[in-house]
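Reader: I would like to go through this structure one step at a time. Could we begin with the cysteines?

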Amino acid sequence: MDAVARSRSCCTFCGVLWRRALEEAARLVGATHVVTGHNADDMAETVLMNFLRGDAGRLARGGGLGSPGEGGALPRCRPLQLASQKEVVLYAHFRRLDYFSEECVYAPEAFRGHARDLLKLLEAARPSAVLDLVHSAERLALAPTARPPPPSACSRCGALASRALCQACALLEGLDRGRPRLAIGKGRRGLDEVGPPGAPQERVRTLAPEAVPSF
């Protein structure tokens with residue numbers, strides 16, 4: 001991750017691979033749902049980031065208390081997304097529950113930090129700003145012509161994907177080529193193939209189920 005962090009995109013790699021690991025771990029233990037502890041502040045930051053990036057597709061998918069699961073993916077839910085971070089921390093403190101308060105060492109380089117700072121300013125001027133952003137994502141609807149295509153299966157690992165390659169396989173392909181940013185943003189245009197032209201298939205790293213480490 002130290003090498004990836006130099007490309008200022010470590011949060012993309014961490015988030016995508018963490019979600020894949022969580023999905024595979026849930027299947028290994030026989031879980032039927034994936035439940036995460038995202039709170040209202042987390043969700044508002046994500047909504048604000050997507051607004052700032054102009055990412056209409058993610059804005060449309062970001063509402064609700066979870067996702068029903070598509071293409072074989074496990075359903076996900078976020079039961080704490082309407083509770084503020086302060087409420088979650090206070091509850092854990094007074095109930096004497098263990099919780100992690102350390103910030104990721106790579107967080108200062110992340111774009112989310114700018115969204116968090118902006119959100120704090122908005123909340124100081126309007127205390128309901130956090131929940132307003134969360135509810136705005138729930139009510140957002142895209143015109144039919146602007147909606148992203150339905151997901152399909154990754155051509156390499158079979159996971160849910162909106163393109164020929166899922167984001168995890170695309171990121172790993174960029175790392176294999178020594179170009180970490182290859183699968184991020186506009187750099188991904190040349191990755192929606194089974195593999196790089198002329199490259200033998202055994203050199204392509206995949207996320208096949210049998211390659212997933214045990215948890």
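Author: The model shown here is predicted. Cys77 has a relative accessibility of 26%. Buried would need under 20% and exposed over 50%, so Cys77 counts as partly exposed.

Reader: How many disulfides does the structure hold?

Author: A disulfide needs two cysteine sulfur atoms within 2.5 Å. For Cys154, the nearest cysteine sulfur is that of Cys166, 3.8 Å away, and Cys154 is in no disulfide. For the structure, the number of disulfides is zero.

Reader: Is Cys154 buried or exposed?

Author: The limit for buried is under 20% relative accessible area. Cys154 has 5%, so Cys154 is buried.

Reader: What is the order of the elements along the chain?

Author: The chain has eight helices and five strands. Read from the N terminus on, with α for a helix and β for a strand, the order is α-α-β-α-α-β-β-α-α-α-β-β-α.

Reader: Which element of the chain has the highest mean pLDDT?

Author: The chain averages a pLDDT of 76, and 69% of the residues score at least 70. Among the elements, the lowest mean is 60, for strand E2 (residues 66–67). The highest mean, 93, belongs to helix H5 (residues 85–94).

Reader: Over which residues is the pLDDT below 50?

Author: Where pLDDT is low, the predicted coordinates should not be read in detail. The stretch in question has 34 contacts in the model beyond near neighbours in sequence. The pLDDT is below 50 over residues 192–215.

Reader: At what angle do H3 and H7 pack?

Author: Two packed helices are described by the angle between their axes and the distance between the axes. Helix H3 covers residues 40–53 and helix H7 residues 129–139, and their axes are 8 Å apart. H3 passes H7 in a left-handed crossing. The angle is about 65°.

Reader: How many nonpolar residues are in the contact of H3 with H7?

Author: H3 contributes Ala40, Asp41, Met43, Ala44, Val47, Leu48 and Phe51. From H7 come Val130, Leu131, Leu133, Val134, Ser136 and Ala137. By class, one residue is polar and one is charged, and the number of nonpolar residues is eleven.

Reader: Which residues does Leu131 touch, not counting residues up to four places away in sequence?

Author: Leu131 is in helix H7. With a relative accessible area of 35%, Leu131 is partly exposed. Its C-alpha is 7.2 Å from that of Ala44, although the two are 87 residues apart in sequence. Beyond the sequence neighbours, Leu131 touches Ala40 and Leu82.

Reader: How far apart are the C-alpha atoms of Leu82 and Val134?

Author: Leu82 sits in the loop between strand E3 (76–77) and H5. Its relative accessible area is 40%, so Leu82 is partly exposed. Along the chain Leu82 and Val134 are 52 residues apart, and their C-alpha atoms are separated by 7.8 Å.

Reader: Is Glu45 buried or exposed?

Author: Glu45 lies in helix H3. Leaving aside neighbours within four places in sequence, Glu45 is in contact with Arg112, Ala115, Arg116 and Leu119. Its relative accessibility is 3%, and therefore Glu45 counts as buried.

Reader: What is the phi of Arg96?

Author: Most residues other than glycine have a negative phi. Arg96 is in the loop between H5 and helix H6 (111–125). At a relative accessible area of 75%, Arg96 is exposed. Its phi is positive although Arg96 is not a glycine, with a value of about 55°.

Reader: How far is Ala164 from Ser152, C-alpha to C-alpha?

Author: Ala164 lies in the loop between strand E5 (160–161) and helix H8 (167–176). At 30% relative accessibility, Ala164 is partly exposed. Ser152 is twelve residues from Ala164 along the chain, and the separation of their C-alpha atoms is 8.2 Å.

Reader: What share of the residues in the chain is buried?

Author: A residue is buried when its relative accessible area is under 20%. The chain has 215 residues, and the buried share is 33%.

Terms used
Residues are numbered from 1 along each chain as its sequence is written. This is a predicted model: local features need pLDDT of at least 70, side-chain atom pairs count only at pLDDT 80 or more; totals for chains, interfaces and linings use all residues. Side-chain values use heavy atoms; hydrogens and water are left out. Helices (H or I, at least four residues) and strands (E, at least two) are DSSP runs, numbered from the N terminus. Buried means under 20% relative accessible area, exposed over 50%, partly exposed in between (1.4 Å probe, protein chains only). Axes are lines fitted to C-alpha atoms, for helices over the stretch in contact, and angles run from 0 to 180 degrees between N-to-C directions. A crossing is left-handed if the near helix is turned anticlockwise from the far one by less than a right angle, and right-handed if clockwise. Contact means heavy atoms within 4.5 Å. Ala, Val, Leu, Ile, Met, Phe, Trp, Tyr, Cys and Pro count as nonpolar, Asp, Glu, Lys and Arg as charged, and the others, Gly among them, as polar. pLDDT is the predictor's confidence in each residue, from 0 to 100.
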